[in-house]
Amino acid sequence: MGIKFCSLSSGSSGNCQYIETDRMKVLIDGGLSGKKIEGLLSSIDVCPTTIDSILVTHEHIDHVRGVGVLSRRYDIPIYANENTWISMEKTIGEIKGHNIKVIESNKDFELGDLDIHSFEIFHDAAEPIGFCVYHNNTKISIITDTGWVNDSIKRKIKGSSLYLMESNHDVKMLKEGKYPWYLKKRISSTNGHLSNLEAGQTLSEVLSGNGEIVLLAHLSKENNRPAIAYDTVRKYMEYYGMNVHRDIALDLTYRDKATKVYTL
Ligand SMILES: [Zn+2]
Ligand SMILES: [Zn+2]
């Protein structure tokens, strides 16, 4: 078997991604209540007792809400860098010593039959990171909650078979929407979130059009619509000569249900 991926939930109300191989079942973030994550896992026929590890990108509540509960309930180790540990300590509650795994950003490590590479992203958190997850020759890149994507990140994520790519807001909707100015400023800053246009631009630079799967993620409820995100990225791809059905598989993630399970 290869590697499986499912976005259980994505958006500012909670993020949780699932990766499975023969030997490993891993969550990336657990930003919903423990109960909700259990329900989402059971919707794809995965029993929460079988989860081997949880990796954490950063301490914001929409990424860690259920992490402590799941760790305590099923004795699951949590992997996060030191600054993230310090910042999420109060939110996630007490974790057993043997389940506290401190990783270093930008330093690769093995998790069963997975190779995990982390890289720093640009977001208003203590030490936020994205992940590239390797299994044999297959690579999955997870990049949400970043205000911009620099060349170093582009180099790291290039060559993935699946991209979970933030497409947070439509620039016009954010500008004209009802958010207070400081929040608008925060979201659109280089330490905030990627717009649909920036997602399209990044993807046009990293994709080669050989059937890669692209899942647009962390869509804002207030400042985006799934159809707008999809169309903005689709147009970008088409401008660069890529057809979103023939050359890549462009798909959306949801805040209230799991995507299909992709097998790579
Ligand atoms: Zn988030
Ligand atoms: Zn965040």
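1. Contact, as the word is used in this note, means heavy atoms within 4.5 Å. With residues up to four places away in sequence not counted, S33 touches R65 and G66. S33 and R65 are 32 residues apart in sequence, yet their C-alpha atoms are 5.8 Å apart in space.

2. On provenance, this is a predicted model, in which local features need pLDDT of at least 70 and side-chain atom pairs count only at pLDDT 80 or more, while totals for chains, interfaces and linings use all residues. Residues are numbered from 1 along each chain as its sequence is written, chains are lettered from A and ligands numbered from 1 in the order in which they are written, and side-chain values use heavy atoms, with hydrogens and water left out.

3. S33 sits in the loop between strand 3 (25-28) and helix 1 (34-43), where helices (H or I, at least four residues) and strands (E, at least two) are DSSP runs numbered from the N terminus. Because its relative accessibility is 32%, S33 counts as partly exposed; buried means under 20% relative accessible area, exposed over 50%, and partly exposed in between (1.4 Å probe, protein chains only).

4. The zinc ion (ligand 1) has as protein donors D62 (OD), H63 (NE2), D145 (OD) and H218 (NE2), at 2.1 to 2.2 Å. Donors are N, O and S atoms within 2.8 Å of the metal (3.2 Å for Na, K and Ca), and water is not among the atoms, so sites may look incomplete. The arrangement is irregular because the 4 donor atoms subtend angles of 94 to 162 degrees; four donors count as tetrahedral if all angles lie between 85 and 135 degrees, four count as square planar and six as octahedral if opposite donors are over 155 degrees apart and all others between 65 and 115, and anything else is irregular.

5. D145 bridges the zinc ion (ligand 1) and the zinc ion (ligand 2), which lie 3.4 Å apart. H63 belongs to helix 2 (residues 61-64) and D145 to the loop between strand 10 (138-143) and helix 5 (151-157), so the pair ties together parts that are 82 residues apart in sequence. Both H63 and D145 are buried.

6. H63 also appears in the lining of the largest cavity, together with N15, Q17, I28, D29, T57, I142, T144 and L164. A cavity is a set of points, on a 1 Å grid over the protein atoms alone, where a 1.4 Å probe fits but cannot get out, and lining residues have an atom within 4 Å of a point.

Key. 1 Å grid on protein atoms, 1.4 Å probe; cavity = no way out; pocket = protein on both sides within 12 Å on 5 of 7 lines; lining within 4 Å.
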